[in-house]
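Thanks, everyone. I would like to walk through one model this morning, beginning with its charged pairs and then moving to the strands, so please keep the structure open as I talk.

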Amino acid sequence: VYKRQRLSGALADDADPDWSFMSPQQKVWLQANTWYLIPHSVTTISFVMDGELYIPCGWCDSKRWPKLVADDPNVTVKIGEKLYRRTAVRITDEAFKRRVLAAPEAREIPGVELYRMDPPI
């Protein structure tokens, strides 16, 4: 689901929250910045592991938001009615990516990327 408006909600007070309040896999909204100043938002799933929030992307080559994040990693994540300013960091370690996604070694995961949502820089 794509939105052509800014995500609405209250900005969270905590810049580095404990994500344990979330389900292990939970729907979230991710808003990336564009060069033409109209935000690009998507609904996606998230994972929490070892206290960190991760957002995966399947078939990334065909999606717009990973390209936007590569240009500007500053994103907004909406969970419930709260907005969290984050910095999207692409995970390049394949073994770690498999661990977060609970993907068996034998299973290929082509076109899947994973981003850790760090506190804003």
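Let me fix one term before anything else: by a salt bridge I mean a side-chain nitrogen of Lys or Arg within 4 Å of a carboxyl oxygen of Asp or Glu. What you see is a predicted model, in which local features need pLDDT of at least 70 and side-chain atom pairs count only at pLDDT 80 or more, while totals for chains, interfaces and linings use all residues. Residues are numbered from 1 along each chain as its sequence is written, and side-chain values use heavy atoms, with hydrogens and water left out.

With that cut-off the structure holds seven salt bridges. One of them joins Glu113 to Arg90, with 2.9 Å between the closest N and O atoms. Strands here are DSSP runs of E with at least two residues, numbered from the N terminus; Glu113 belongs to strand 8 (residues 113-118) and Arg90 to strand 7, so this pair ties together parts that are 23 residues apart in sequence. Taking buried as under 20% relative accessible area, exposed as over 50% and partly exposed as in between, with a 1.4 Å probe and protein chains only, Glu113 is buried at 16%, whereas Arg90 is partly exposed at 44%. Both residues also belong to a network of salt bridges that links Arg90, Glu94, Lys97 and Glu113.

A second pair is Asp16 with Arg86, at 3.8 Å from N to O. Asp16 sits in the loop between strand 2 and strand 3 and Arg86 in strand 7, so the link spans 70 residues of sequence. Arg86 is buried, its relative accessible area being 2%.

Now to strand 6 (residues 74-79), where five of the six residues are buried. If we say that two strands pair when DSSP finds at least two bridges between them, strand 6 pairs antiparallel with strand 3 (residues 25-32) over four bridges, and antiparallel with strand 7 (residues 82-90) over six. Which residues stand opposite Val77? In strand 3 the residue is Leu30, and in strand 7 the bridge partner is Tyr84.

Thr76, also in strand 6, is buried at 5% relative accessibility. Its side chain makes a polar contact, at 2.8 Å, with the side chain of Arg85, where the term means a pair of N or O atoms within 3.5 Å, one able to donate a hydrogen and the other to accept it within protein, and residues adjacent in sequence count only if both atoms are side-chain atoms.
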